[in-house]
Amino acid sequence: MKTNYLLLILVFSFLALTSFSIPKNSITTSKKTEYVIEKDTFNIMASHGIYLRDSANLTCNKLAKLPYATKIVLLNQDTISDELTVQETKYFEIKGRMQKVKVISQIDSLNNLEGYVFDGYLTKFPVPVLDYRGTQENDYLSGDLYYLQSNFKNHDRYEIKRQKYDGEDEYDCAFQQKFGSKKDIQYKQNSCGEGGMDWDMMIPNLSLREAYFFAIVLYYQEYYDENTIPHTITFDKKTKIISIEPSDQGAGCYISIIENKNKILTISGYCGC
């Protein structure tokens, strides 16, 4: 039983660990109040960052590279380009337009710069912390729960099941919890069995494009490591399901992003052996 407990700790740690590091002053989170973003202000959600260009074309001169979580403000709407398509992966395309923007950054060399960016990499939602690390002080809180607790109003857990291993403290192995002022963000975890954990997360109005980038940051940042590509990403256009899973089909995390007929998205996952 002690071995099973250690396995669960490792699973939670895996969810929390990330492989990228960016300046902490470019990360925006709020632990005390629900996240609010001003009109026409967006966050960069591509973990690899995006380029600010000198005109409304993806091949134009690069003015600067804007890191993940940088805030930008849309400027003149009459400068929007025609719709463009970026092949993000072999199976998944990102559609958007070039928009004229102004950069808001605590990095002096970037702050107040103006130029054009591809808006397929932008979101009005708060973005997950890129270099989040779970610690023993927060019970190895997984990255997705940390994201929800940090940015949205928290409500009490319910349908709780607790588990205890060989003299260790009890913990919530299964529960449901709602977030947001309207209680419309839902999280469900079920990990009372042996060998792994599974969960579901639903955030209303999150697009398939946004859910894809959030899943990459929360669970699979190492996908962008130039030296290793341990996971495979596929997209079924007919069923509108994005799957992210270990390339060898072995132990690890298996993520599905599913869009139903009402365009409501659920991010579901399983981590274990």
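This briefing covers confidence, the nonpolar core, a hairpin, salt bridges and aromatic pairs. The structure is a predicted model. Its chain averages a pLDDT of 78. The largest nonpolar core holds 65 residues. The model also has 5 salt bridges and 8 aromatic pairs.

**Confidence**

- A pLDDT of at least 70 is reached by 76% of the residues.
- Residues 1–37 stay under 50 in pLDDT. The model still gives this stretch 98 contacts beyond four places in sequence.
- Residues 222–229 are also below 50. This stretch has 18 contacts beyond near neighbours in sequence.
- Where pLDDT is low, predicted coordinates should not be read in detail.

**Nonpolar core**

- Within the 65-residue core, the residues with the most contacts are Leu66, Leu148, Tyr219, Ile242, Ile255 and Ile257.
- Helix H3, residues 208–219, supplies the largest share of this core, with 10 residues.
- Leu66 touches Ile44, Gly49, Ile50, Leu52, Ile72, Val103, Leu110 and Val117, leaving aside residues up to four places away in sequence.
- In soluble globular proteins, nonpolar side chains tend to be buried together.

**The E5–E6 hairpin**

- Strand E5 (residues 84–87) pairs with strand E6 (residues 93–96). The pairing is antiparallel and runs over 4 bridges.
- The two strands form a hairpin, with 5 residues between them.
- Leu84 has Gly96 as its bridge partner in E6.
- Glu93 and Lys95 join their side chains in a salt bridge, at 3.9 Å from N to O.
- Both ends of that salt bridge are partly exposed: Glu93 has a relative accessible area of 33%, and Lys95 has 43%.

**Salt bridges between strands and loops**

- Asp172 forms a salt bridge with Arg162, with the closest N and O atoms 2.3 Å apart.
- Asp172 lies in strand E11 (residues 171–179) and Arg162 in strand E10 (residues 158–163), so this pair ties together parts 10 residues apart in sequence.
- Asp172 is buried because its relative accessible area, 16%, is under the 20% cut-off. Arg162 is partly exposed, at 45%.
- Glu259 forms a salt bridge with Lys240. Their closest N and O atoms are 3.6 Å apart.
- This pair links distant parts of the chain, 19 residues apart. Glu259 sits in strand E16 (residues 252–259), while Lys240 is in the loop between strand E14 (231–236) and strand E15 (241–246).
- Glu259 is buried at 14% relative accessible area, whereas Lys240 is partly exposed at 30%.
- Arg157, Arg162, Glu170 and Asp172 belong to one network, joined by salt bridges that share partners.

**Aromatic pairs**

- The search of the whole structure finds 8 aromatic pairs.
- The ring centres of Phe92 and Phe235 are 5.2 Å apart, and the planes stand at 70°, so this pair is edge-to-face.
- The pair links distant parts of the chain, 143 residues apart. Phe92 is in the loop between E5 and E6, and Phe235 is in strand E14.
- Both rings belong to buried residues: Phe92 has a relative accessible area of 4%, and Phe235 has 16%.
- Ring pairs link Phe92 and Phe235 into a cluster with Phe118, Tyr121, Tyr212 and Phe213.

Methods
Residues are numbered from 1 along each chain as its sequence is written. This is a predicted model: local features need pLDDT of at least 70, side-chain atom pairs count only at pLDDT 80 or more; totals for chains, interfaces and linings use all residues. Side-chain values use heavy atoms; hydrogens and water are left out. pLDDT is the predictor's confidence in each residue, from 0 to 100. Contact means heavy atoms within 4.5 Å. A nonpolar core is a set of buried Ala, Val, Leu, Ile, Met, Phe, Trp, Tyr and Cys residues joined through side-chain atoms within 4.5 Å. Buried means under 20% relative accessible area, exposed over 50%, partly exposed in between (1.4 Å probe, protein chains only). Two strands pair if DSSP finds at least two bridges between them. A salt bridge is a side-chain nitrogen of Lys or Arg within 4 Å of a carboxyl oxygen of Asp or Glu. Rings of Phe, Tyr and Trp (its six-membered ring) pair if their centres lie within 6.5 Å; planes under 30 degrees apart count as stacked, over 60 as edge-to-face and the rest as tilted.
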